[in-house]
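Open the model in your viewer and keep the selection tool ready. Follow the stops in order.

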Amino acid sequence: YMDARLTDKGIEQCVTARETLLTDVNPQLVVVSPLTRTLQTAHIMFGGKDLPFLVHDLCRERHGKYTCDKRRTKTEILQDMKPIYESTNDIIDFNSFAYASEEDQDWGEHREPDDSCTGRGIKMMQWLATRPEKEIAVVTHSSWLKHLFRAFGQAVHEKDKKRLHRLAGNAEVRSICLALHKGFYPEGKWDGDAFIPNHVSFRRFRYAPTNKAIAHTHKHLQKHSEVDLPDVFPVGEPL
């Protein structure tokens, strides 16, 4: 099947995970692969909780060879999934970091090379490091996770390495902590001591507008009005 959907069993596994594994999981953002089955999984497990969802191409499954990992057209996916998310009043960003093309231009007859898949995983980690949220859920795929995790853990105990490198199961929930050096910023610019990301989804928490910046915006508007107002009716003169 192209861009395989969840089976009845898969749906039940997601419901069970929501009921039993997510009690203490409170993400501030849900990042999800652009394939249909992960969009379904994300909604079943996190939908209806007033969380923002964001689709990202970097965490899609290893592509090529198998048609289940070939994405349907953007139009088809949005026709199916947008009403489902809207039915629970969930906001999902389909466009900012995914579906750059209508058709799947990544998929080919040969499987994506290991180093390419691993590289996408590392780029995803770097992107996550720029986010303002402290807790993020990433809904992705087993082979993608396998390639990502096997890029790490070479110096840990063999038992721990096996746990890290094993293939993930369906609807499995893993918790990891990103320990990162400072210096990761999204695309944006500095305005004095404040950093302003280009993309609006980043402008929260540590990147939220400062009180000073908000006040400056209103003062600018006031100055603009003081200049333009006499052209309409002079200040201090009766109307």
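Start at the second largest pocket, which holds about 580 Å³ of space. A pocket here is an open set of points on a 1 Å grid over the protein atoms alone, where a 1.4 Å probe fits, with protein on both sides within 12 Å along at least five of seven lines. Its volume is the space filled by probe spheres set on the points, joined across faces, edges and corners.

This is a predicted model: local features need pLDDT of at least 70 and side-chain atom pairs 80 or more, while totals for chains, interfaces and linings use all residues. Numbering runs from 1 along each chain as its sequence is written, and side-chain values use heavy atoms, without hydrogens and water.

Now select Phe149, Phe152, Leu164, Ile176 and Cys177. Of the 20 lining residues, these are the closest to the pocket centre; lining means an atom within 4 Å of a point. Helices H4 (114-130), H5 (142-149) and H6 (158-165) each give two or more residues to the lining. Helices are DSSP runs (H or I, at least four residues). By class, the lining has 13 nonpolar, three polar and four charged residues. Nonpolar covers Ala, Val, Leu, Ile, Met, Phe, Trp, Tyr, Cys and Pro; charged covers Asp, Glu, Lys and Arg; the others, Gly among them, are polar.

Next, select Thr16 in helix H1 (residues 8-20). Thr16 is partly exposed because its relative accessible area is 42%, between the 20% and 50% limits for buried (under) and exposed (over), with a 1.4 Å probe and protein chains only. Add Ala4: 12 residues from Thr16 in sequence, 21 Å away C-alpha to C-alpha.
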